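Please open the structure in your viewer and keep the sequence beside it, since this tour moves from one selection to the next. At each stop, make the selection first and then read what is there.

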Amino acid sequence: MSEFFTQNWSWWFTGLVISSIMFILLFFGQSFGFSANLRTICAAAGAGKNVSFFNFNWKSQLWNIVFLAGAIIGGTLAGTVLNSNEPIVISPSTVSDLQELGFSSPTGLQPDELFAWKSVATLKGFLILAVGGLFIGFGSRYAGGCTSGHAISGLSSLQIPSLIAVIGFFIGGLLMTHILFPLIF
Amino acid sequence: MKFLKFLVIGILFGIMMAKSEIISWYRIQEMFRFQSFHMFGIIGIAVISGIIGVMVIKKFNIKDFNGNPIVFHPKEKSIIRYIVGGTIFGMGWALSGACPGPMVVNIGFGFLSMGIVFLFSILGTYLYGVLRSKLPH
C-alpha cells in the first residue's frame, strides 16, 4: 500500500492531475498561472511606488501566493515521506549527450554539476543559475505567462497568443540546448 | 480559512510536480532533445483533457462555486511579445531546467540552490516592469 503513495507518477496520470488543478482553480474563481506570483512579490515588496507595472491591487493575488506556499510544502512531502528513493531513469541518448558536455550519469533528480553548493560557489556556476532565473522572470512577464498560463490554461482555451508563446518557449529551449550548451559547458 | 483550499491545491501541485519528475533538469533536457516521450505525454494529456473540459464548461455554461459564470479572458493580440518573450523564457527554462512552479517545488524538495534561480526570476520580472514601456508589444 505504501508503494501506491511513493511510486513515481505516470505521464498520463500527471497530465490529468495538471488539467484537474486548472479546473479546480477555475471552479474557485481563479485561473492557473504561476509566474503571476513573481509580479505579485515585486508589488508586495513596494515596487509599485516607482514602476507602474507593479502598482495594482496585489492583495487580490494572495490566493496564488498561498498556492505557491502549498507547492513548497508539496515538494517537501515528495522529498521526504513520499520519497521512493528510486533512481531517476533518463533516456540513454540524453545521458550520453550530457556526458559529452561533462555531466556524469544522473544519480538524483538534479545534476550536482549545476545545483551542488560547490558548483554554485564558482562564478560560472552562480551565473548559470542567475542568468537562467533572470531570463525566466523577464521572459515569462514579457510573454504574459509561463508554462502553466500559456501551455496549459491558454492552449486549453484554444488561444492563438498562447500557441505563439509556446512556440517561443521551444525556440528558446532548442537554441539554448543545441547551440548555446556546447559553448557554455 | 478561504485560503486553505488554495494551500491544499498547491500541496497537490507540488507533490505532482515532484512525483512526475517534471522538476528534474534532466527531464527538461530529454524534452528539448526529443529523446523521451515523458514530458510531451504529460503536456499532451493535460492540454487534450483541458480542451475537452473547457468545451464542456462553455457548452453547459457551468458556473463556479459562487454561481458566477466561468470566463476565459482572451489574451491580447500580438506576435512580437509572445515570440520574443517566449524565446527568452525558453532559454532560461532549458538552462536552469525549471519554470517558475517547479523552482519552488525544488526548494521544498531540498534543492535549496534553486532559490538563486527563484530570486533572479523575481529580479527579471522587476526588470521587465522597468523596461516595459520601451519594449515592443
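Buried area is the accessible area that two parts lose on being put together, summed over both. Keep this in mind while looking at the model, which is a predicted one.

**Chain A and chain B, one at a time**

Begin by selecting chain A on its own, where you will find ten helices and zero strands, and where the C-alpha trace spans about 45 × 45 × 35 Å along its principal axes. Then select chain B, whose secondary structure comes to six helices and zero strands, with a C-alpha trace that spans about 45 × 40 × 40 Å along its principal axes.

**Where the chains meet**

Now show both chains together and ask how much area chain A and chain B bury between them. The two chains bury about 10200 Å², and 79% of this lies on carbon and sulfur atoms. On the side of chain A, the residues to select are A:W11, A:L109 and A:Y142, which lose the most area to chain B and together make up 9% of what that side buries. If you count residues instead of area, 122 residues of chain A are in contact with 103 residues of chain B.

Next, turn to the polar contacts, for which the count between chain A and chain B is 30 residue pairs, both residues being at pLDDT 80 or more. Select helix 10 of chain A, residues 160-184, because this helix gives 19 residues, the largest share of the side of chain A that touches chain B. The residues of that side of chain A divide into 78 nonpolar, 41 polar and three charged.

**A salt bridge between the chains**

Side chains of opposite charge can pair when their charged atoms come close. Select B:R33 and A:D97, which form a salt bridge whose closest N and O atoms are 3.5 Å apart. The count between chain A and chain B is one salt bridge, while a search of the whole structure finds four over all chains. B:R33 lies in the loop between helix 2 and helix 3 of chain B and A:D97 lies in helix 5 of chain A, residues 92-100, so this pair joins two chains.

**A nonpolar patch on the surface**

For the last stop, select A:W11, A:W12, A:F13, A:L16 and B:F37, which form a nonpolar patch on the surface with about 500 Å² of accessible area together. Where in chain B is B:F37 found? This residue is in the loop between helix 2 (25-32) and helix 3 (38-59) of chain B.

Key: Residues are numbered from 1 along each chain as its sequence is written. Chains are lettered from A and ligands numbered from 1 in the order in which they are written. This is a predicted model: local features need pLDDT of at least 70, side-chain atom pairs count only at pLDDT 80 or more; totals for chains, interfaces and linings use all residues. Side-chain values use heavy atoms; hydrogens and water are left out. Patches are made of residues with over 30% relative accessible area and no salt bridge: like charges are joined within 9 Å, nonpolar side chains (Val, Leu, Ile, Met, Phe, Trp, Tyr) within 5 Å. Accessible areas come from the Shrake-Rupley method with a 1.4 Å probe; for residues, only the protein chains shown count as cover. A salt bridge is a side-chain nitrogen of Lys or Arg within 4 Å of a carboxyl oxygen of Asp or Glu. Helices (H or I, at least four residues) and strands (E, at least two) are DSSP runs, numbered from the N terminus. Contact means heavy atoms within 4.5 Å. Buried area is the accessible area (1.4 Å probe) that two parts lose on being put together, summed over both. A polar contact is a pair of N or O atoms within 3.5 Å; within protein, one must be able to donate a hydrogen and the other to accept it, and residues adjacent in sequence count only if both atoms are side-chain atoms. Ala, Val, Leu, Ile, Met, Phe, Trp, Tyr, Cys and Pro count as nonpolar, Asp, Glu, Lys and Arg as charged, and the others, Gly among them, as polar.
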